[in-house]
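Trainee: Could you take me closely through a single part of this model, the contact between the two protein chains, and then set it beside its surroundings?

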2 protein chains.
Amino acid sequence: MVTAREIAQLCGVSVATVSRVFNRPATVSTTTREHVERVARELDFSPNESARALSRQRSAMVGLVWDTDHRRPGWRHPFLQDLLLGLKSALSSHGYHLLMLATSDDARDRNPGVSLADPIGYVSMTRRHHLAGLVLIDSGTDAEAFTAFAQSGLPCVALDVALAGPRATYVTSDNAAGAAEAIRHLATLGHDRIATITGPRGNAPAAARTEGYLRGLAEAGLPVREDFVVTGDFYRESGFVGMRRLLARKDPPTAVFAASDEMAVGALLAARAAGLRVPADLAVVGFDDIEVASLVDPALTTVAQDKPGFGTAAAGALLAMIDNSGAPEPVRLPTKLVVRDSCGATR
Amino acid sequence: MVTAREIAQLCGVSVATVSRVFNRPATVSTTTREHVERVARELDFSPNESARALSRQRSAMVGLVWDTDHRRPGWRHPFLQDLLLGLKSALSSHGYHLLMLATSDDARDRNPGVSLADPIGYVSMTRRHHLAGLVLIDSGTDAEAFTAFAQSGLPCVALDVALAGPRATYVTSDNAAGAAEAIRHLATLGHDRIATITGPRGNAPAAARTEGYLRGLAEAGLPVREDFVVTGDFYRESGFVGMRRLLARKDPPTAVFAASDEMAVGALLAARAAGLRVPADLAVVGFDDIEVASLVDPALTTVAQDKPGFGTAAAGALLAMIDNSGAPEPVRLPTKLVVRDSCGATR
DNA sequence: GCTAGGAATGTAACCGGTTACAGCTGTGAC
DNA sequence: GTCACAGCTGTAACCGGTTACATTCCTAGC
């Protein structure tokens, strides 16, 4: 492991100069700089990040807070892989890395007597590692705790959770617009009894999708029927149950908008169980465009989210806050209606 | 941010003693230790990891090498989320964290003139951050590069790639046994013309699954037909194409074992396109038990891998190497045949 | 009573960078 | 010729821990 001191000796300069070459190249004369750069390259020098973080009081790492919700064990993020890839690639192009923080259950196990202000140990982790920023992925449990960070002044970007603070912002899909588009699409196809299965109460994207549903109905000049709005929890099972309830209404819906693909799949299964053909007897539209969507039969029409865009946008916002300080506007990613077979438009 | 020095002053001891309390408690008298521990807890002291890593020459972080294969852009790890959760939780219970290293394309972009010995910048990352170990997830591209690490003496655990070295080992499913079980199951159901669609050449799990296929045939007393082995690449499309080719044989197979669920789904689609009913005319068995498997119609019988087990086993092996030095035996996780509808056993 | 030896603790030198400050040199203005 | 100032570089004090070694104190053995 070659150090800056060795480079300095070989070049006949001081360590300070070597350090400057890498941090403030403009303050070093061209000849010296090029000499140091050449020698450093030859010896494959790369600065020790621990030392750098120690003296700068800030590391080149961004924390990732993500955990399963222990209250809902089967839950998976619909597109974690794409998100991570986008995040990683955007961060790394600016020299940052992602540190996955162990939290929640993990930390609780190790450290039973945690403080209230930092119930899951994130804050302490953040300080210990001098993290440059934090990416917060909502798992349903920790959303309340997120605000503690947002207030702390550390650059924070949350995904799908509204977050405000001196250096906090968030990234989310334009859920309302996406849902409204789905409803308009169904209306265009001639449906006038359109129901919805919503996400869980208290979940921001779920609320926005419901709002979009209502807006879409209004735009299409359709009345709102309260008995056409049933609450789900994003899981498949709740889509199944919700659909069954909807089908039991008098004048049952001819179309349903599920606030997640998982629930849409559940609705599909419920329709099949009730002897209905999709899309002939019932049109179904989902939200997310998870991998399964194109695989079920009939293939699911759905509102696609910009999966890698989440990562890229989060990284962008975070880097902006790290450099400039000050919170950028929340990012609202556009969605895209992917028309497949379950809505009946493709026949 | 409270430091060890402040704790020391408050307790009337030296920093060295404070440090010892946390690192070698046995060498400190009980009274002193308890005093320091109490004060530290009250002030919410936690040691600065950068400083600690710097002086110890080793950080409490484990690097995660994972990347998409840029030659196969659509590829997703079949169960990255479970794996990460298992890994994270097992590592964190020993105080380690996961650092996602940006590699491959990312690094290449930033650093065009990389060395041959470290084509993708992992080694340099590892040194810079004083990583305690490395978890290597095969993306298909980098497997060759992995051996470089294995030789370096740094604790390394690879997933699904055979890796050997002074402190290197790997975790994989018992692919051969799983495949053999699938074949025996099909044979038990009366099939005697069982084909397979393999994974890509050069991929270790793929090879093991083919080996298991052959072993299964042998155990069932069935002959091997070379025209019943077609090569795929784990992607759905190749399952579709492979199945079409198999169905074109004279005496086409009545059952097919696909080395991945994705390919099994492709095979399902090909069978449907050819007007065959599954499982009546053709039995299909896959491998992995990805989420989609239970959703397709008919639901896919498949060889399930122990998804969180991968993470836990990898973490266990890594921690053992970090503590003891010396490479533990490779871990071969048992698989489990999940019988659903596509094999015809459930009618 | 004296000493060997172990236990507990302190001292200070690291680990490998960053950066405030000071010093040196050379140029142009007066 | 002197001086102000800009440009470049070196010195040394950090950052916050860890740990080899030295020191002190106490007890057991003779």
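Mentor: In this predicted model, the contact takes 42 residues from chain A and 42 residues from chain B. On the side of chain B that touches chain A, the elements giving two or more residues are H4, helix H5 (80–92), strand S2 (97–101), helix H6 (104–110) and helix H7 (122–128) of chain B, and the largest share, 6 residues, comes from H5(B). Sorted by class, that side of chain B has 16 nonpolar, 15 polar and 11 charged residues.

Within this contact, strand S2 deserves a separate word. Strand S2 of chain A, residues 97–101, pairs with S2(B) in the antiparallel sense, over 3 bridges; in one of these pairings, Leu98(A) has Met100(B) as its bridge partner in S2(B).

The symmetry of the pair can be stated as well. Chain B is superposed on chain A by a rotation of 180° with 0.0 Å of shift along its axis, at an RMSD of 0.1 Å, which is the relation of a two-fold axis. Since 100% of the interface residues of chain B are also interface residues in chain A, the copies meet through the same surface.

Helix H4 of chain B, which gives two or more residues to the side touching chain A, also leads to the DNA, because H4 (49–56) of chain B supplies at least two residues of the surface near DNA strand D, where a residue is near if its C-beta atom, placed from the backbone, lies within 6 Å. Helix H1 (4–11) and helix H2 (15–23) of chain B do likewise, as do helix H2 (15–23) and helix H4 (49–56) of chain A. H2(B) provides the largest share of that surface, with 6 residues. In total, 28 residues surround DNA strand D, and the closest are Ser55(A), Ala4(B), Ala16(B), Ser19(B) and Ser55(B); by class, the surface has 13 nonpolar, 11 polar and 4 charged residues.

Helix H2 of chain A, another contributor to the surface near DNA strand D, can finally be followed into its own chain. The axes of H2(A) and helix H3 of chain A, residues 30–42, come within 10 Å and cross at roughly 90°, and the two helices are therefore roughly perpendicular to each other. Thr17(A), Val18(A) and Val21(A) of H2(A) make this contact with Thr32(A), Arg33(A), Val36(A) and Glu37(A) of H3(A), and the residues involved divide into 3 nonpolar, 2 polar and 2 charged.

Note on methods
Residues are numbered from 1 along each chain as its sequence is written. Chains are lettered from A and ligands numbered from 1 in the order in which they are written. This is a predicted model: local features need pLDDT of at least 70, side-chain atom pairs count only at pLDDT 80 or more; totals for chains, interfaces and linings use all residues. Helices (H or I, at least four residues) and strands (E, at least two) are DSSP runs, numbered from the N terminus. Ala, Val, Leu, Ile, Met, Phe, Trp, Tyr, Cys and Pro count as nonpolar, Asp, Glu, Lys and Arg as charged, and the others, Gly among them, as polar. Two residues are in contact if their C-beta atoms, placed from the backbone, lie within 7 Å. Two strands pair if DSSP finds at least two bridges between them. Axes are lines fitted to C-alpha atoms, for helices over the stretch in contact, and angles run from 0 to 180 degrees between N-to-C directions. Angles under 35 degrees count as roughly parallel, over 145 as roughly antiparallel, 65 to 115 as roughly perpendicular and the rest as oblique. Copies are superposed by least squares on the C-alpha atoms of residues with pLDDT of at least 70 in both.
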